[in-house]
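What follows is a report on one structure, written for a reader who has the sequence and the coordinates at hand. Please look over the structure before reading on.

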Amino acid sequence: MNALVEQRQQAQLHFQQGEQNIIVGDAAACPLPPEQLAALDADSPYVVEVFEGGLTAVVYHLCINGRHYNLKKRRAQALVHNVDGETSFLNEVQRRRDIQALKDKPSTAKAYQHIVTTLYANYRLGFMLSPWIEGKPLCSFSREIFRQIFDTQFALEQAGLMEWDLSPGNIIYDGRQIHLFDFGYMYPYDPLEHFNSDGLAAPDFHAVERLETRNVFGYLLRYQDVMTAADQLAIYRELKEAALDVYTQKLIWLKQNYAQPAIIQWQTEIIERWEYALDNERSLKNLFIAESFRSHCLDIADDISGKSCTPMTLKRIDKVITMAATVYLQLQNNGALLFDNAELEQVDLIKKYQDYRQLAAQYQQK
Ligand SMILES: Nc1ncnc2c1ncn2[C@@H]1O[C@H](COP(=O)(O)OP(=O)(O)O)[C@@H](O)[C@H]1O
Ligand SMILES: [Mg+2]
């Protein structure tokens, strides 16, 4: 277990067991007394709809005096299987406190405009209150959308925060702008010393990879039958161009702030790899193959370890098996085989994902 991660988990478990509270904002911003909001359930006349999918919280869409709110309430009993899941409600209240401070400051407010406002949050009362965002889960992409997502991640990183879960259900699009609102898996880190909140242990994880892994490559796989390879590559090119712009700015910022040489080198290598790929269609296709494989493998590993598989996990596994069977050497040459996959021969890699397929079938979420 990574020492930094363990330290954070221990501190959060300790905080959970204590009495200390975290309050964000002013109770006067609540349309009802906080105790009443904390006690509210699905039978309340204020409830418009309920989102029950979360493991540690339930989300209520409320309408009170003609205004719409999002009330995220901690479950009495978490339905989780690991420490990060168990502490994700506390983690989100902590992050909302950090982010709201940045949103409240005129000099930094604009950089966080795509992050939902927290009207009020009270950890011990077990709820967070935000305005309701009119829109739909993000279901198509454009250069502008990529730009908004990566700009926001860069602003968060500058504030020392790393978001791990940029999955489709965590991004709302209102037709003009994207909105982020779920911070259960956003952790503090030092961007000048570390690659991410795992420290220096896992350089493969970073903001752009997170969006690709949790979101974009799943989307491309889901729609592979209705999209041509050229359409897919066009979306990927837009993503990479927006990402390259933002990471180039990030590199300048890292240098200006005397980041550790290892961090500057890491960021430079990512940029150079993308610049090379964007230079011609063939290299871009190679990178697409390598990164799609990497992303599917990372997402599968997450689903299997959390025992939270879906039909999409099976689809990703089938894709990984096909790719391992057909383009193994290309994957190996392009650095797509990460962690223990790097040591596996082709047959063993295929066998591993065939076994995963059986596990994933068992772990289908109800
Ligand atoms: N402020 C909001 N405005 C509109 N919809 C929201 C808002 N917050 C959450 N949602 C909806 O509720 C769902 C669950 O919220 P989220 O914070 O992601 O909870 P969970 O931790 O359970 O994933 C989201 O996928 C989104 O559709
Ligand atoms: Mg969510």
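Arg294 has its place in helix H9, where helices (H or I, at least four residues) and strands (E, at least two) are DSSP runs numbered from the N terminus. This is a predicted model, in which local features need pLDDT of at least 70 and side-chain atom pairs count only at pLDDT 80 or more, while totals for chains, interfaces and linings use all residues. Residues are numbered from 1 along each chain as its sequence is written, chains are lettered from A and ligands numbered from 1 in the order in which they are written, and side-chain values use heavy atoms, with hydrogens and water left out.

**Two buried arginines**

Arg294 has a relative accessible area of 8% and is therefore buried, where buried means under 20% relative accessible area, exposed over 50% and partly exposed in between, with a 1.4 Å probe and protein chains only. Leaving out residues up to four places away in sequence, Arg294 touches Glu209, Glu212, Thr213, Phe217, Ala336 and Leu338, a contact being heavy atoms within 4.5 Å. The C-alpha atoms of Arg294 and Ala336 are 5.3 Å apart in space, although 42 residues separate the two in sequence.

Arg96 lies in helix H4, and with a relative accessible area of 1% Arg96 is likewise buried. What does the side chain of Arg96 reach at 2.9 Å? The partner is the backbone oxygen of Phe181; a polar contact is a pair of N or O atoms within 3.5 Å, and within protein one must be able to donate a hydrogen and the other to accept it, while residues adjacent in sequence count only if both atoms are side-chain atoms. Not counting residues up to four places away in sequence, the contacts of Arg96 are Val24, Val116, Thr117, Thr118, Met128, Ser130, Phe181 and Phe183.

**The surroundings of ligand 1**

There are 13 residues around ligand 1, of which Lys72, Ile133, Gly169, Asn170 and Asp182 come nearest; a residue counts as near if one of its heavy atoms lies within 4 Å of the molecule or strand in question. By class, this shell has seven nonpolar, four polar and two charged residues, with Ala, Val, Leu, Ile, Met, Phe, Trp, Tyr, Cys and Pro counted as nonpolar, Asp, Glu, Lys and Arg as charged, and the others, Gly among them, as polar. The table gives polar distances between ligand 1 and the protein.

| Atom of ligand 1 | Protein partner | Distance |
|---|---|---|
| nitrogen | N or O atom in the side chain of Asn70 | 3.2 Å |
| oxygen | N or O atom in the side chain of Lys72 | 2.9 Å |
| oxygen | polar backbone atom of Gly169 | 2.6 Å |

On its own, ligand 1 has 550 Å² of accessible area, and the protein covers 84% of that area; accessible areas come from the Shrake-Rupley method with a 1.4 Å probe, and for residues only the protein chains shown count as cover.

**Nonpolar cores**

A nonpolar core is a set of buried Ala, Val, Leu, Ile, Met, Phe, Trp, Tyr and Cys residues joined through side-chain atoms within 4.5 Å. The largest such core has 57 residues, and those with the most contacts inside it are Phe141, Phe146, Ile149, Phe150, Leu211, Leu220 and Trp274. Among the elements that each supply at least two residues of this core are helix H4 (88-104), helix H5 (143-158), strand S9 (171-173), helix H6 (207-222) and helix H7 (229-256), and H7 gives the most, with twelve residues. Another core, of 22 residues, lies apart from it and includes Ala290, Leu314, Tyr328 and Ile350.

Apart from residues up to four places away in sequence, Phe146 touches Phe141, Leu211, Val216, Ile235, Glu238, Leu239 and Ala242.

**Loop residues**

Ser197 is found in the loop between S11 and H6, and at 9% relative accessibility Ser197 counts as buried. The side chain of Ser197 makes a polar contact of 2.8 Å with the side chain of Trp164. Asp198 is found in the loop between strand S11 (186-188) and H6, and beyond its neighbours within four places in sequence Asp198 is in contact with Asn2, Leu4, Val5 and Trp164.

Tyr258, in the loop between H7 and H8, has a positive phi of about 55° although it is not a glycine, and with a relative accessible area of 73% Tyr258 is exposed. Phe339, in the loop between helix H11 (328-333) and helix H12 (346-362), has a phi near 50°, a positive value in a residue other than glycine, and at 43% relative accessibility Phe339 counts as partly exposed.
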